[in-house]
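This report describes the surroundings of a ligand and the contacts of one buried side chain. The structure is shown first.

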Amino acid sequence: LSSNVAIVGVGMTMFGKREDADVKELGFEALKAALEDAANVSPKDIEMLFTGYAWGYTATRNPTGELAEYARLSPIPGFDVHAQCASSTAATITGWSFIRSGFAKVVAVVGVQKMSELSGREVQRVMGQSADSSLEAPLGMTMPTAYALRAVAYMEKYGATEEDLALVRVKSSEYASRNPFAMFRQKFTTEDVMKSRPISYPFKLLDCAANADGAAAVILASEEVATKITDTPVWIKGAGLATGQQTVRGVPDLTMFTPTVEATRMAYRNAGVEPSQVQVAETHDCFTISEILDYEDMGFFPRGEGYRAIREGQTYVGGRVAVNVSGGLLGRGHPVGATGAAQIFGITRWLRGDAVGDIRVPAELGVAYTRGGVGTYGAAIVLSRRR
Ligand SMILES: CC(C)(COP(=O)(O)OP(=O)(O)OC[C@H]1O[C@@H](n2cnc3c(N)ncnc32)[C@H](O)[C@@H]1OP(=O)(O)O)[C@@H](O)C(=O)NCCC(=O)NCCS
């Protein structure tokens, strides 16, 4: 493989309800912001476009085509990358591979989703179809239920409590209150989480990430281009992808996600780093339990000790590793196809020494990890300030 690849521009829209924009307009808003951020890249420099997007929430079936035309990027090549919630992380890995293979020097990745056109009930149905389509989805498996089973298994095995889960949302809300792109800006206490309405035991409303509209974009460039156009490239040191079980009943151990373990292990290996070196991480906290499982599956804390890490505040800025200090999926909102690119947006800014809102994280090495489906896809990217 030829050369190193850097992130030279990032941008995102506010996450939340966006009645004023359709899929291509949301995508364009993020792309425009990323191009403005990449000071020396103009639209004519973009050689390929990849869109991370999950089908089923809107009528749009070809977001890359719509966006390429709307942004006047056609006829450059491009395609949609679909890996459920991991779509735009997988799209970024796709762009990285195309540059490394010598096919292009500058590519754009856009993650986008508009979920507000469907009712909450419809979204549940579409999302539930991420579970096995003949064996579990028809029996009523939904995302909150699939993750609730994991939360119960974890609590029973290790003695974590509902209050421990709530502490994850308390942290998210603290940071989301400082992130202007976040859907939920209010701070919550453990009591607020415990008193919110029941969803699927042990989850209450505030244990869950919310469906949202939004987009985020990343501009990638080869080493040759990046070193000429910017003084603050953020390097993709390594990436990893994995698949896991499509059925919940097929999962051998509900207290871990195999795709998280495998994708992050692959990413650390090809970046040549150890999880103990990671200083900042954006992970897939679609429910409060998810973040605790991620701490363990990504190698930050030993098995069974993730809940102690949040109790001890070790995943706040200044702790052992800053996790989801953008507010995460819980605080930022979760427009599924856009989430991975939004994670990369935050880590890139922090590694460059920039803030997100007033959130700054002193760090040189970070990882973004996104999980798709009921634990079906894992996608991880290791980012560094050093080449
Ligand atoms: C938890 C959940 C079921 C609630 O959905 P719902 O009952 O249909 O709720 P609605 O979307 O109708 O929202 C009702 C209110 O609760 C708020 N709300 C919804 N979800 C919220 C959340 N997760 N956190 C905080 N507030 C939330 C809404 O903003 C809305 O507030 P408003 O009345 O002031 O406008 C839904 O957010 C959900 O399924 N979340 C998980 C999404 C998911 O699984 N993603 C993929 C994971 S990999």
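## Ligand site

The ligand occupies the largest pocket of this predicted model. Of the 920 Å² of accessible area that the ligand has on its own, the protein covers 66%.

The shell consists of 19 residues, and those that come nearest are Gln124, Met143, Arg197, Cys208 and Ala209. By class, 12 residues of the shell are nonpolar, 5 are polar and 2 are charged. Helix H4, which spans residues 120-128, supplies the largest share of the shell, with 3 residues.

## Polar atoms at the ligand

Gln124, one of the residues that come nearest to the ligand, has a polar side-chain atom 2.5 Å from a ligand oxygen atom.

Two alanines approach the ligand through the backbone. A polar backbone atom of Ala209 lies 2.8 Å from a nitrogen atom of the ligand. For Ala210, the distance between a polar backbone atom and a ligand nitrogen atom is 3.4 Å.

## Arginine 18

Arg18 belongs to the loop that runs between strand E1 (5-12) and helix H1 (23-37). Its relative accessible area is 12%, and because this is under 20%, Arg18 counts as buried.

Which side chains make polar contacts with the side chain of Arg18? One is that of Asp20, at 2.8 Å. Another is the side chain of Glu29, also joined to Arg18 by a polar contact of 2.8 Å.

Key:
Residues numbered from 1 in each chain as written. Predicted model: local features only at pLDDT ≥ 70, side-chain atom pairs only at ≥ 80, totals over all residues. Heavy atoms only, no water. Near = heavy atom within 4 Å. Polar contact = N/O pair within 3.5 Å; in protein donor to acceptor, adjacent residues only side chain to side chain. Areas by Shrake-Rupley, 256 points an atom, 1.4 Å probe, with all protein chains shown as cover. 1 Å grid on protein atoms, 1.4 Å probe; cavity = no way out; pocket = protein on both sides within 12 Å on 5 of 7 lines; lining within 4 Å. Sits in = over half its atoms within 2 Å of the grid points. Helix = DSSP H or I, 4+ residues; strand = E, 2+ residues; numbered from the N terminus. Nonpolar A, V, L, I, M, F, W, Y, C, P; charged D, E, K, R; others polar. Buried < 20%, exposed > 50% of the residue type's maximum accessible area, 1.4 Å probe, protein only.
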